[in-house]
Each structure stands twice: as C-alpha cells, then as structure tokens.
Number of protein chains: 2
Amino acid sequence: MGKIVTIKDVAREAGVSIMTVSRVLNNRPDVSPKTRKRVQKIIGELGFAPSELARNLSHGRSSTLGVVSSGLEFYGPSRTLVGIEKKANELGYSLMVRLLHSPLESRGESALNDLIAHQVAGIIWAVAEIGDQREWLYGHLAERALPVVFLNIKNRSDTTFVAMDNRMGGKLATEHLIKQGYQRIGIIAGPQEWWEARDRESGWREILAEAGIGDLQSLKESGDWSASSGYQAMMNLLANVPDLEAVFVSNDSMALGALQAAAVYGRSVPQELAVVGFDDIPESAYFTPPLTTVRQDVLEVGCQAVSMLNQQLQAHYNSGHLPAQSAILEPTLIVRQSSIREPT
Amino acid sequence: MGKIVTIKDVAREAGVSIMTVSRVLNNRPDVSPKTRKRVQKIIGELGFAPSELARNLSHGRSSTLGVVSSGLEFYGPSRTLVGIEKKANELGYSLMVRLLHSPLESRGESALNDLIAHQVAGIIWAVAEIGDQREWLYGHLAERALPVVFLNIKNRSDTTFVAMDNRMGGKLATEHLIKQGYQRIGIIAGPQEWWEARDRESGWREILAEAGIGDLQSLKESGDWSASSGYQAMMNLLANVPDLEAVFVSNDSMALGALQAAAVYGRSVPQELAVVGFDDIPESAYFTPPLTTVRQDVLEVGCQAVSMLNQQLQAHYNSGHLPAQSAILEPTLIVRQSSIREPT
DNA sequence: CTGTTAGCGCATTCAA
DNA sequence: TTGAATGCGCTAACAG
C-alpha cells in the first residue's frame with residue numbers, strides 16, 4: 001500500500017543483484033537473455049519505474065528541460081509552449097515550466113535559479129526581450145555552462161536562438177497593401193518593449209520608405225496586443241489621419257479591435273479602409289470581414305527550439321562545444337477580404 | 001568554471017561541517033547566530049543553491065507538482081495553467097508539465113508514469129474527461145497514495161476537484177434569452193466527449209424544459225470548439241430551423257463563427273437573431289456585434305486547484321487523511337449587444 | 001555475464 | 001551547539 005517499489009525490491013524478487021536490474025533498465029548488452037527476461041517480468045509485475053530523481057543525481061545528467069515563458073494568455077506563446085512540449089516529449093525530455101507573470105518587474109532571476117536548483121539539463125528562454133535581461137542572463141549562465149536556446153530575440157551571433165522573421169512579416173503585409181494600390185498606410189504597433197513589435201514595425205517602415213512615403217511617425221499608433229488597445233489605437237489613427245487608406249496591425253487581436261473601431265467610425269472595410277493583421281489566429285478567418293494576416297508557425301518555433309537545445313546538449317556531453325546556432329522561420333501572407341479592393 | 005557548488009564546498013569554505021550548513025539552509029534553530037551568519041555569507045559568495053534533486057531524494061518529499069493538461073490551444077485551459085503556475089509559485093512548488101496532444105488516443109498513462117518517476121508530490125489532472133480515463137486513473141493512483149486534484153469533471157464525492165458550474169452557465173445564458181422574449185432558442189454545443197460541453201447543454205435543456213419548449217433535438221448542433229465548426233453548425237441550424245430566434249453557443253470561438261454564418265445568411269444580429277457565447281475571451285467584446293457571454297474565471301480554477309492540492313499534501317504529511325474536497329465556481333453573465341432586442 | 005564497492009548531494013539519526 | 005555516520009535510489013568503475 002503506497003509503498004514505492006525500488007530497484008532493490010526488484011533485485012530481491014528476481015534473485016539477482018541491483019546492478020543487474022540496473023543493466024536491464026538501461027538496456028545494456030551485457031546481460032544474459034534469460035536473466036533479462038526474468039527481471040523484466042518482475043519489473044512488470046511490481047509495476048516498478050526507476051526514480052528519475054535518483055537516476056539524475058547519480059548519473060549527473062538530467063533529462064529535464066527548463067522553460068521560462070510569459071504571455072501565455074496570447075496565442076503565440078501558448079502555441080509555442082505546445083510545440084516545445086511535443087518535441088521534448090518525443091526526444092524523451094520532461095519539462096519544468098516557470099512563467100513570468102509580470103515581465104517588467106523581475107528579471108526572471110528566481111525562475112532561473114529554481115530551474116538550476118532542479119538541475120535541468122538546459123533551458124528554453126521564451127520571454128519577451130525587455131531591457132537588460134539578456135546581458136544579465138549571459139553572466140549567470142556562462143559560468144554554469146548551461147545550454148540555452150532563446151526564442152524570438154534579436155539576431156546575435158553568439159547566441160543560440162529560434163525566431164520568426166517578424167521584419168519580413170511586416171514587409172509582406174505592407175507590400176501587399178502597396179500592391180493593392182494603397183499609399184497612406186498606417187500601423188498599429190505592439191508594445192515597444194517587445195522585440196517582435198519593433199521588428200514588425202521596421203518591416204513596415206522599410207517598405208514605405210522604398211515606396212517614398214514619408215511622415216511615418218504620424219501614421220503610427222501603439223497598443224498592448226489586446227483587442228481593446230487595438231480599438232483605441234485605431235480610433236486615434238482615424239481621428240488623426242483623415243486620409244488613411246490602410247493599416248497594418250501587429251497582431252490579430254488588435255486587428256479585431258481595429259475592425260470594430262472602423263465600423264464605429266463608419267469606415268467600411270475593405271472598401272474604405274484596408275486592414276492586415278499578424279499571427280493568423282484560428283479566429284481571424286471569421287472576423288468581419290475575414291482578416292488578411294501574416295501567418296507564423298509558432299508551433300514550429302517551439303519544436304525547433306527543443307531540437308536545437310537537444311543538439312547543444314549532445315555536443316555538451318561529448319565534451320565538444322557546439323557553436324551558437326540559429327533558425328529564422330519565415331512567415332507567409334494569408335490574403336482574405338479585409339485588404340482586397342474588389343471583394344469577391 | 002561550470003563547476004557546481006555543493007554543500008561540501010560551502011562547509012569547507014566556512015570551516016564547519018556540512019551538517020551545519022544543512023541546518024542553516026533549513027532555518028533550524030540550533031545554530032549559533034555567529035555561525036549562521038558566516039555560513040550565509042559564504043553561501044552568498046559562492047552562489048550556492050542546494051540541489052533540489054538531492055534534497056528530494058534524501059528528504060523523500062518533493063516540492064514539484066505534476067500537471068497533466070490538454071487543449072492548451074484554447075482559452076480556458078491555457079489561462080488555467082497560468083493560474084496553476086502562479087499559485088504553485090506562491091506556495092513554493094515547481095511545476096512539471098505534460099500535455100496530452102491527442103486526448104483520445106492515449107489515456108495519459110505515459111504522462112502519469114513520467115510524473116510519478118519524477119517523484120512529484122501531487123498531481124493536477126486538467127484533461128477533458130473522456131471515456132474511462134477516470135476509472136483507470138483511480139486504480140493507478142490509489143495504490144500510490146498520490147494526492148490528485150481533478151479539474152472540470154463531473155461531481156463525484158470521492159474525488160477532490162475544482163470545476164466551473166457549467167450547467168449554471170448554460171442556464172444563465174438561456175434564461176437571459178428567455179427573458180428577452182425569445183422562444184425558439186437553439187444551441188451549438190461543444191464536443192460531446194467533453195464534460196463541459198455536456199454540462200452547458202444540460203443547463204440549456206433545463207431552462208427550455210421549464211419554459212415548456214419542446215423538440216430540443218432539432219434545435220441542437222455540435223462543434224469542436226473552433227470558429228470554423230461554429231460557422232458550420234450555425235449554417236446547419238439556420239437551414240433546419242427557419243424560425244430560429246436565438247442561439248446559445250458553448251464557447252466564444254464558435255460564437256464568432258456563428259456570427260459570421262448569420263451575416264452570410266443575411267440574418268442580422270441581434271435584430272433577427274440573438275447570440276450568447278461562453279468564456280468571455282478578451283476578444284469577445286470586439287466581435288460584430290459585441291458578444292453577450294458567460295464569463296468564467298478560469299484563472300481562479302487553477303489557483304484553487306493548487307491550494308487544494310497543497311492542503312491535501314499537508315494533511316498527507318501529517319499522516320492525517322483529508323477527505324475529498326471540492327470547489328465549484330460560479331460563472332456570471334456578461335450582457336452585450338448580441339442578445340439585446342433593442343440595441344442601444 | 002554478474003556482483004561488489006563507491007559515490008552523486010543532501011537530510012536524518014545519534015553522539016559528543 | 002556541532003559533527004560523524006548512515007542512507008535515499010540509482011549508476012559507474014572495477015573486479016570476478
């Protein structure tokens with residue numbers, strides 16, 4: 001009742017030493033088939049599962065990955081976590097998760113320390129890049145020689161990371177609008193602390209500059225990713241830029257708010273105002289009207305991150321030092337009604 | 001460089017035995033203030049953090065909670081996870097997370113075994129209740145005497161759980177529609193495997209029965225929680241029930257699809273068709289029109305679950321056996337334009 | 001092929 | 001108030 005079965009119990013029951021049981025557990029070749037069979041049988045009967053705790057402690061190598069994330073209330077981060085878990089599971093890792101609830105107040109110090117205390121083999125840092133977090137992390141991690149993969153951060157050659165090409169996404173969206181013949185193209189950017197927000201905006205800037213459209217500052221408003229902030233930002237934009245023809249909104253939730261603002265303002269979309277979003281959340285195809293948006297495979301971001309961390313770990317164990325790797329995934333444009341001049 | 005600081009290093013450096021360091025770590029009273037100070041100083045200097053692995057192994061008591069979840073792509077489950085993490089963190093627990101990606105194929109057996117192998121202190125089972133999972137779990141858990149809190153399952157006296165009163169939610173929504181004067185009130189239910197879906201539907205049934213409205217079967221369609229399934233279900237409903245006056249949709253995403261279907265069908269909401277959703281996702285206030293919906297505090301569900309698990313664990317350690325507890329949270333109705341006959 | 005010895009990092013006896 | 005010995009469950013290195 002409630003007793004934990006240990007390797008000892010198995011050994012006793014099978015009439016062998018614990019070492020032999022350990023060998024069977026780890027699929028070592030140096031066990032006679034007969035003995036192996038018997039031990040396996042006992043293991044099954046007793047429902048024995050080796051303690052990962054003890055195993056990690058003795059073996060000195062943990063099979064747990066640490067994940068530090070934030071903004072799980074948003075589509076991207078939560079999907080990415082799913083991708084991380086999926087891949088981690090495939091590769092035989094367990095996941096210890098820490099969330100940063102208010103990314104601004106803490107630098108994730110306690111989260112990191114907790115994970116280290118739990119002897120995680122490596123870390124996936126999936127937190128919006130804000131302030132000096134990165135520098136601080138480097139100091140803390142370098143001396144521990146703990147492999148880390150960063151998610152969605154600014155390109156940097158000494159860092160292993162996976163990111164979407166947010167800049168390209170911004171360009172895709174803006175280019176599309178230009179091609180549709182729009183000129184006065186505004187932007188509702190995300191929170192400026194987020195790298196994603198800044199990068200999407202820079203794509204927009206680049207294309208407008210190429211097209212020779214100036215006075216970008218007046219065409220810009222910012223939100224906090226929420227629909228309500230998108231609504232507010234769009235109201236401001238409509239009030240300040242009477243001849244606004246189109247707007248690139250940095251995520252779909254804000255785009256939803258923007259659509260409502262346009263409706264309230266009496267500007268029909270897409271006839272009198274074109275809108276393009278970012279994310280392609282499943283709901284965006286059902287907005288009024290269906291939203292043209294930039295799709296990013298956030299699940300894949302998570303998968304790649306784990307694969308990469310796995311590679312780093314393998315190299316680490318073979319005492320080789322793998323140089324920093326990186327993967328930049330490309331988003332694609334999904335065209336729906338909200339940006340098309342002649343609706344079908 | 002990369003060396004892990006252990007309790008030994010601290011002891012040597014401080015000129016005391018590891019036992020004394022251990023005492024300081026655990027805030028034992030039997031250490032002279034002077035020694036304590038010195039040890040603490042060294043701990044700080046060396047940046048020492050005790051290995052949770054070793055600590056758990058020796059102490060026999062882990063401070064990690066296991067979470068088995070699924071459907072993290074939906075608003076509810078993902079918010080609940082945030083609540084779980086938040087509370088766990090407050091109480092000093094770490095979280096090991098396993099996701100069931102296809103709830104139908106597996107019974108979560110491997111997830112559970114993994115968590116047990118990692119010696120988690122207790123488990124939060126946040127998976128949609130499907131088939132015989134529960135029974136199977138009971139067998140597996142009872143013999144391990146491992147405390148578990150279930151989320152969103154059918155009331156059952158021998159089980160510790162936290163749930164929303166989904167039935168009441170269904171009733172609130174339907175009652176509201178009845179009060180508005182609607183009679184032919186349809187439903188777009190969630191996947192029938194989900195307890196939440198069945199319970200919300202039963203609330204709808206109850207109110208309609210009270211109101212003496214019959215032929216419920218023809219008023220029902222089902223979806224899979226997605227906006228696209230809501231769209232399809234609504235199309236069917238509109239085709240099959242020409243005199244449909246209102247519809248209760250079991251979640252907001254499906255309601256979004258339903259709204260679009262109504263628009264395509266040429267039925268204006270709320271003038272010619274009232275719609276009520278469920279969840280109150282942040283976006284729902286920005287639907288076209290803004291959605292009347294049933295709000296549930298899913299974050300609180302997660303918090304409560306952890307508190308409850310914590311209580312169970314405390315009792316467990318004091319070798320007392322706490323009887324099964326349960327908490328049922330009440331949802332509230334949020335009235336917006338989609339259900340109001342005279343729009344403001 | 002199999003068992004013995006030692007030790008992972010810490011906490012829990014029991015003495016001193 | 002402090003320390004030495006022992007063990008948690010498992011694996012690594014060495015014997016036999």
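The following dialogue works through a predicted model of two protein chains and two DNA strands.

Student: How are residues, chains and ligands labelled, and which pLDDT limits apply?
Tutor: Residues are numbered from 1 along each chain as its sequence is written, while chains are lettered from A and ligands numbered from 1 in the order in which they are written. Because this is a predicted model, local features need pLDDT of at least 70 and totals for chains, interfaces and linings use all residues, whereas side-chain atom pairs count only at pLDDT 80 or more.

Student: Which element gives the most to the surface near DNA strand C?
Tutor: A residue is near a strand if its C-beta atom, placed from the backbone, lies within 6 Å of it, and of the 24 residues around DNA strand C, S58(A), I7(B), S22(B), A54(B) and S58(B) come nearest. Helices (H or I, at least four residues) and strands (E, at least two) are DSSP runs, numbered from the N terminus; at least two residues each are supplied by α2 (18–25) and α4 (52–59) of chain A and by α2 (18–25) and α4 (52–59) of chain B. The most, 5 residues, is given by α4(B).

Student: How many residues of each class does the surface near DNA strand D have?
Tutor: Around DNA strand D there are 25 residues, of which I7(A), S22(A), A54(A), S58(A) and S58(B) come nearest, and α4(A) gives the most to this surface, with 5 residues. Ala, Val, Leu, Ile, Met, Phe, Trp, Tyr, Cys and Pro count as nonpolar, Asp, Glu, Lys and Arg as charged, and the others, Gly among them, as polar. By these classes the surface has 12 nonpolar, 11 polar and 2 charged residues.

Student: Which element of chain B gives the largest share of the side that touches chain A?
Tutor: Two residues are in contact if their C-beta atoms, placed from the backbone, lie within 7 Å, and in this sense 45 residues of chain B are in contact with 45 residues of chain A. The elements of chain B that give two or more residues to this side are α4, α5, β2 (94–100), α6 (109–117), α10 (227–240) and α11 (252–265). The largest share, 6 residues, comes from α5(B).

Student: Is L81(A) buried or exposed?
Tutor: L81(A) has its place in helix α5 (residues 75–90) of chain A, and beyond its neighbours within four places in sequence L81(A) is in contact with S69(A), L72(A), G302(A) and L72(B). A residue is buried if 20 or more other C-beta atoms lie within 10 Å of its own, exposed if 12 or fewer, and partly exposed in between, with C-beta atoms placed from the backbone. Because 26 other C-beta atoms lie within 10 Å, L81(A) is buried.

Student: How far apart are the end C-alpha atoms of helix α12 of chain B?
Tutor: The expected span of a helix is 1.5 Å times one less than its number of residues. The 20 residues of α12 (residues 298–317) of chain B should therefore span 28 Å, which agrees with end C-alpha atoms that are 29 Å apart.

Student: Which strands are the edge strands of the open sheet of 6 strands in chain A?
Tutor: The order of this sheet is β7-β6-β8-β9-β10-β12, with mixed pairing, where two strands pair if DSSP finds at least two bridges between them. Pairing on one side only marks the edge strands, β7 (220–222) and β12 (332–334) of chain A.
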